[in-house]
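Trainee: Got a few minutes to go through this model with me? I'd like to know where the labels come from.

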Amino acid sequence: MIRNYINIVMGILYAVIGGFVIIRNWFLMDLSPLAAKALGILFIIYGIFRIYRAIKAIREQNL
């Protein structure tokens, strides 16, 4: 049960990192604006996916 809540927090963290990469054009090294946007969008999508998967698991446990 606690694992699902950790997955929600990690999903939020991935989405925040994605926003940071888009805004700063940086992730462990300087990135071009196109690369930063692409990587940031991937981080945000993965974060949303983790949140969705965790919420789905929590709802299935509560049935």
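Trainee: How many residues does α2 have, and what span is expected for α2 at 1.5 Å a residue?

Mentor: Keep in mind that this is a predicted model. α2 has 29 residues, and at 1.5 Å a residue you'd expect 42 Å. From the first C-alpha to the last, α2 reaches 42 Å, close to that expectation.

Trainee: How do you know what span helix α1 should have?

Mentor: Same recipe. Helix α1 covers residues 2–24, so its 23 residues should span 33 Å at 1.5 Å a residue. The end C-alpha atoms are 33 Å apart, which agrees.

Trainee: What makes V21 buried or exposed?

Mentor: The cut-off for buried is under 20% relative accessible area. V21, in helix α1, comes in at 0%, so V21 counts as buried.

Trainee: Which residues does V21 touch, leaving out those up to four places away in sequence?

Mentor: V21 touches W26, F27, L31, A36, L39, G40 and F43. Take F43: that residue is 22 residues from V21 along the chain, with the two C-alpha atoms separated by 8.8 Å.

Trainee: L39 is one of those contacts of V21. Why is L39 called partly exposed?

Mentor: Partly exposed is the band between under 20% and over 50%. L39 has 26% relative accessibility, so L39 lands in that band. L39 lies in helix α2 and touches V21, F27 and L31, not counting residues up to four places away in sequence.

Trainee: And N7, is that buried or exposed?

Mentor: Buried: N7 has 15% relative accessibility, and the limit is under 20%. N7 is in helix α1 and touches R50 and A54, again not counting residues up to four places away in sequence.

Trainee: Which residues of each helix are buried?

Mentor: In α1 they are N4, N7, I8, G11, G18 and V21. In α2 they are A36, G40, F43, G47, R50, A54 and I58.

Trainee: What covers them?

Mentor: For α1, the cover includes α2 (33–61). Going the other way, the buried residues of α2 pack against α1.

Trainee: R50 is on that buried list for α2. How do you know whether R50 has a salt bridge?

Mentor: You look for a carboxyl oxygen of Asp or Glu within 4 Å of a side-chain nitrogen of the Arg. For R50, the nearest side chain of opposite charge is E60, 16 Å away, and R50 has no salt bridge.

Trainee: What is R50 in contact with, then?

Mentor: Leaving aside neighbours within four places in sequence, R50 is in contact with N7, M10, G11 and Y14.

Trainee: What about K56, how is that one classed?

Mentor: K56 lies in helix α2 and has a relative accessible area of 42%, so K56 is partly exposed. Its C-alpha is separated from that of N4 by 9.3 Å, although the two are 52 residues apart along the chain. The C-alpha atoms of L39 and K56, 17 residues apart along the chain, are separated by 26 Å.

Trainee: Which residues form the nonpolar patch on the surface?

Mentor: M1, I2, Y5 and I6, with about 430 Å² of accessible area together.

Trainee: What makes I6 eligible for a patch?

Mentor: A patch residue needs over 30% relative accessible area. I6, in helix α1, has 47%, so I6 clears that bar while still being classed as partly exposed.

Trainee: What is notable about the phi of N25?

Mentor: N25 has a positive phi of about 55° although it is not a glycine. Most residues other than glycine have a negative phi. N25 comes just after α1, in the loop between α1 and α2. With a relative accessible area of 25%, N25 is partly exposed.

Trainee: What phi does L28 have, and where is L28 placed?

Mentor: L28 has a positive phi of about 65°, and L28 is not a glycine either. Its place is in the loop between α1 and α2.

Trainee: Why is L28 called exposed?

Mentor: The cut-off for exposed is over 50%. L28 has 70% relative accessibility, so L28 counts as exposed.

Note on methods
Residues are numbered from 1 along each chain as its sequence is written. This is a predicted model: local features need pLDDT of at least 70, side-chain atom pairs count only at pLDDT 80 or more; totals for chains, interfaces and linings use all residues. Side-chain values use heavy atoms; hydrogens and water are left out. Helices (H or I, at least four residues) and strands (E, at least two) are DSSP runs, numbered from the N terminus. The expected span of a helix is 1.5 Å times one less than its number of residues. Buried means under 20% relative accessible area, exposed over 50%, partly exposed in between (1.4 Å probe, protein chains only). Contact means heavy atoms within 4.5 Å. Lys and Arg count as positive and Asp and Glu as negative; His and the chain ends are not counted. Patches are made of residues with over 30% relative accessible area and no salt bridge: like charges are joined within 9 Å, nonpolar side chains (Val, Leu, Ile, Met, Phe, Trp, Tyr) within 5 Å. Accessible areas come from the Shrake-Rupley method with a 1.4 Å probe; for residues, only the protein chains shown count as cover.
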